[in-house]
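Please open the structure in your viewer and keep the selection tool at hand, since this tour moves from one selection to the next. Take your time at each stop before going on.

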Amino acid sequence: DLVNAYRRIRPLTKAVLKFTITGPHMLCKTLLDYHYKDLPTLAHALAEILAKQIAEIDAEVLQMDEANLPGSPEEWEWAVSAMNVMLDAVPKTPAVHLCFGNYGGQTVQRGTWEKLISYINALHADHVVLEFAHRGYHELEYFKDVEKGIGLGVVDIKSTEIETPELIAKRLEHATKVLGENRIRYIHPDCGFWMLKRSIANGKIRALTLGRNLFEGR
């Protein structure tokens with residue numbers, strides 16, 4: 001019931017709102033399929049159902065979250081086909097978040113960004129929101145030819161240590177040198193803060209803002 005969930009939160013702020021939805025690949029991997037008995041078919045069926053709800057959600061950004069595909073990159077072709085069914089239904093700005101999972105501060109999926117570049121380029125998305133802070137920035141080279149706006153993870157949500165603004169600015173400077181000017185569209189935490197205490201989450205967001213300001217020379 002995504003539409004009513006959105007309608008409940010929309011009046012709570014006049015600011016730009018991002019609404020997030022679990023992607024079809026991750027959803028189909030969490031279900032016991034006694035009906036289709038075929039994951040691609042199940043993923044597309046889920047995508048069609050969700051797309052009808054997505055069409056009624058006019059949030060400024062609709063972000064589809066995928067934390068399973070990075071561990072199964074060989075499934076990218078049917079995964080992106082199902083994802084695009086949902087992305088094509090977005091009324092305003094479509095986005096995709098990819099990470100390697102987070103449970104109890106632990107990485108859930110093993111893999112590399114290199115194997116997901118074809119998937120990312122095939123997405124009908126305005127931008128991709130990616131995990132980097134925890135993994136490190138040695139894989140940035142793979143994103144030189146990515147044709148989407150890039151969201152750079154600069155805050156490690158798997159660590160309780162609060163980053164300094166100087167560290168955030170340093171990460172942004174390094175990424176800009178690798179990718180080029182104006183390639184980074186957004187900066188953000190690697191994933192959600194649900195495993196961290198509010199005081200730590202608040203500190204990390206504060207550092208993110210101050211680090212961005214430092215990088216921009218404000």
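Which elements are included in what covers the buried residues of α4? Before you look, bear in mind that this is a predicted model. Now select α4 (76–87), and you will find that the cover over its buried residues includes β1, α2, α3, β2, β3 (93–98) and α5 (117–122).

**Along helix α4**

With α4 still selected, colour its buried residues, which are Trp-78, Ala-79, Val-80, Ala-82, Met-83, Asn-84, Met-86 and Leu-87. The helix has 12 residues, and from its first C-alpha to its last it reaches 15 Å, close to the 16 Å expected at 1.5 Å a residue.

Next, select Ala-79, which lies in this helix. Its relative accessible area is 2%, and because buried means under 20%, Ala-79 counts as buried. If neighbours within four places in sequence are left aside, Ala-79 is in contact with His-25, Leu-69 and Tyr-119. For a longer view across the model, add Arg-8 to the selection: the C-alpha atoms of Ala-79 and Arg-8 are separated by 30 Å, and the two residues are 71 apart along the chain.

**From Ala-79 to His-25**

Select His-25, one of the contacts of Ala-79, and you will see that His-25 is found in helix α2. Is His-25 buried or exposed? His-25 counts as buried, because its relative accessibility is 0%. When residues up to four places away in sequence are not counted, His-25 touches Glu-66, Asn-68, Leu-69, Ser-72, Glu-75, Trp-78 and Ala-79.

**Helix α3**

Move on to α3, residues 39–54, and place a distance label between its end C-alpha atoms. These atoms are 22 Å apart, which agrees with the 22 Å that 16 residues should span at 1.5 Å a residue. Then highlight the buried residues of α3, namely Leu-42, Ala-43, Ala-45, Leu-46, Ala-47, Leu-50, Ala-51 and Ile-54. They pack against α1 (2–9), β1, α2 (24–29), β2 (61–66) and α4.

**The nonpolar core**

Keep Ile-54 in view and select Met-64, since Ile-54 is among the residues that Met-64 touches. Not counting residues up to four places away in sequence, the others are Ile-21, Met-83, Met-86, Leu-87, Val-90, Ala-95, Val-96 and His-97. The largest nonpolar core has 61 residues, and of these Met-64 and Phe-143 touch the most other members.

**Two pockets**

Finally, turn to the open spaces in the model. The largest pocket has a volume of about 390 Å³. It is lined by 18 residues, of which Arg-185, Tyr-186, Ile-187, Arg-212 and Glu-216 are the closest to its centre. To see which elements give two or more residues to this lining, select α6 (165–179), β6 (184–189) and α7 (198–216). By class, the lining divides into eight nonpolar, five polar and five charged residues.

The second largest pocket holds about 250 Å³ of space. Select its lining, which consists of Val-16, Leu-17, Lys-18, Thr-20, Val-61, His-127, Val-129, Tyr-186, Ile-187 and His-188. Which element gives the most to this lining? It is β6, with three residues, while β1 (18–22), β4 (127–130) and β6 each supply at least two. If you colour this lining by class, you will have six nonpolar, three polar and one charged residues.

Methods. Residues are numbered from 1 along each chain as its sequence is written. This is a predicted model: local features need pLDDT of at least 70, side-chain atom pairs count only at pLDDT 80 or more; totals for chains, interfaces and linings use all residues. Side-chain values use heavy atoms; hydrogens and water are left out. A nonpolar core is a set of buried Ala, Val, Leu, Ile, Met, Phe, Trp, Tyr and Cys residues joined through side-chain atoms within 4.5 Å. Buried means under 20% relative accessible area, exposed over 50%, partly exposed in between (1.4 Å probe, protein chains only). Contact means heavy atoms within 4.5 Å. On a 1 Å grid over the protein atoms alone, a cavity is a set of points where a 1.4 Å probe fits but cannot get out, and a pocket is an open set with protein on both sides within 12 Å along at least five of seven lines; lining residues have an atom within 4 Å of a point. Grid points are joined across faces, edges and corners, and a volume is the space filled by probe spheres set on the points. Helices (H or I, at least four residues) and strands (E, at least two) are DSSP runs, numbered from the N terminus. Ala, Val, Leu, Ile, Met, Phe, Trp, Tyr, Cys and Pro count as nonpolar, Asp, Glu, Lys and Arg as charged, and the others, Gly among them, as polar. The expected span of a helix is 1.5 Å times one less than its number of residues.
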